[in-house]
Structures are given as structure tokens and as C-alpha cells.
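Morning, everyone. Please take a look at the next slide, and then I'll walk you through it.

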Amino acid sequence: MGPDGVTGKIVKLSWEAVIPYPAWLLDITVNNATVPNDRKRATVVPNYKKGDLSIVTNHRPVSLTSVVCRQMENVIAGYLRQVWDTNKWLYEGQHGFRSGYSCESQIVTVCQDIADFLDEEAGIDVIITDFSKAVIFVPYDRLLMKIATSGVDLKAVIWVKEFLFDHLQRVRVGRQLSEEVRVMSGVPQGAYWAHFYSSCTLCK
């Protein structure tokens, strides 16, 4: 449940009755180039991974955002995917966050490439880049510039810009909440734009 108090279960169980309202809100926000401020708030909760519970780095921060806003994000993200697939904008070697691609397909491709080079007795150079912190340091201007040059409608670019800027978040541990702070970089963990930025790093 995000800061707006709306749970995903409510939306899921009453989807047919609820769906006209997010659709109406999305239409308004797209055509007026704005996203309500209360939809740009996030509550960050630590998700335990492994190791000592008292060590901060053993937890992954997850941003709980508005369920309604996530539905709007999903629509915008679906539109971007459709455009990118149509104009073949993404690099063919990008397997993450794409329909029909997976970690398994990436591994198979890499193994096949290595096997081909070995068969040809050619040299193999491997460069490994760690994007694990990419979500935290997403440069908004670069992300928006890449999306804007990908052939999508300008209204979609403006919507993403309005969503990213002036984002507020606070941390919740148990029942304790911190003060809200303004997010100056990065995108909420779990947001679609985190995935898109990872994809955009390898795009044309």
C-alpha cells in the first residue's frame, strides 16, 4: 500500500468498476502535461536480503508508490515498449525487461557467441559492466533525451518528465516514519522507469 492508502487488492478485486477512473485520470494528466503531486510520493521500506539484519546494506530499498499511479505508469510503459519494438530502437542484445527475452536467453546467446569464437579459433574479449546502482543515479536529462529521440509522442515524454521531477519520499521502519525529502536523482525502486533506464543504456 502506497502513501495514498489504496491497496493493490482493492484495485484487483474491483477492476472493472475501478478502471474508468485511472483511465480518466491518465487522459487528464497526459493532455495537461502534469502529474498530481500526491501521486509522486513514495514510502521506502527496507526489504531484507541476507546476512546481519542490523546492517543497512543487507536490505534492498523498495519504494511503495501510488497503486493508481503505477497503473498509469503501466499504460505509458506499454506504449513505449510498443513504439520501441516497432521501430527496433532497442539494441538486439538487450534481453532485460523485454517481452520474450530473459536471463536464460541472454546466457544462451553469450554461450553461443563464445562457442562460435572457439570454433573459429579467434580471440575473445569480455567487458562486464555492473548496472546494479543505475537506478540510484539515473540522470533525468539523459533518460528523457533518449526517450524523446526514440520516436515516441512528445506527450509521453512530458508525462515521464512530470512524474520524475519533484518526487518526494520518506522511509518507514516498522511503524516509524522519517521526514519527507525531495529526490534529486534516480527513480523509485520498482518503478517502470528503473527498468527502462537499464534498457536505454544499451539503446541506439
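What share of the 204 residues in the protein is buried? The figure is 32%. Keep in mind that this is a predicted model.

Let's start with the overall layout. The protein has 8 helices and 5 strands. Read from the N terminus, the order is α-α-α-β-β-α-α-α-α-β-β-β-α. So much for the order along the chain.

Now the contacts. Take those with a separation of 6 or more. Of these, 65% link residues 24 or more positions apart.

And the surface? The accessible area of the protein is about 13200 Å². Carbon and sulfur atoms hold 57% of that.

Next, the aromatic rings. How many aromatic pairs are there, if ring centres must lie within 6.5 Å? The count is 2.

Here is one pair: Trp84 and Trp89. Their ring centres are 4.7 Å apart, and their planes meet at 40°. Planes under 30 degrees apart would count as stacked, and over 60 as edge-to-face. At 40°, therefore, the Trp84 and Trp89 pair is tilted. Are these two residues buried or exposed? Trp84 is buried, and Trp89 is buried too.

Here is another pair: Trp159 and Phe163. The centres of these rings are 5.9 Å apart. The planes are at 5°, so this pair is stacked. Where do the two residues sit? Both are in helix H7, which covers residues 154–164. They are 4 residues apart, about one turn of the helix.

Buried or exposed, then, for Trp159? The cut-off for buried is under 20% relative accessible area. Trp159 has 1%, so Trp159 is buried. Phe163 also counts as buried, because its relative accessibility is 1%.

Last stop: the start of the chain. Look at Gly2. This residue is in the segment before helix H1, which spans 8–13. Gly2 has a relative accessibility of 10%, so Gly2 counts as buried.

What does Gly2 touch, leaving aside neighbours within four places in sequence? Gly2 is in contact with Leu64 and Thr65. There is also a distance to note here. Gly2 and Ala42 are 40 residues apart along the chain. Their C-alpha atoms are separated by 6.7 Å.

To recap: one tilted pair, Trp84 with Trp89. One stacked pair, Trp159 with Phe163. And a buried Gly2, in contact with Leu64 and Thr65. That's my part. Thanks for listening.

How values were computed. Residues numbered from 1 in each chain as written. Predicted model: local features only at pLDDT ≥ 70, side-chain atom pairs only at ≥ 80, totals over all residues. Heavy atoms only, no water. Phe/Tyr/Trp six-rings, centres within 6.5 Å; stacked < 30°, edge-to-face > 60°. Buried < 20%, exposed > 50% of the residue type's maximum accessible area, 1.4 Å probe, protein only. Contact = heavy atoms within 4.5 Å. Areas by Shrake-Rupley, 256 points an atom, 1.4 Å probe, with all protein chains shown as cover.
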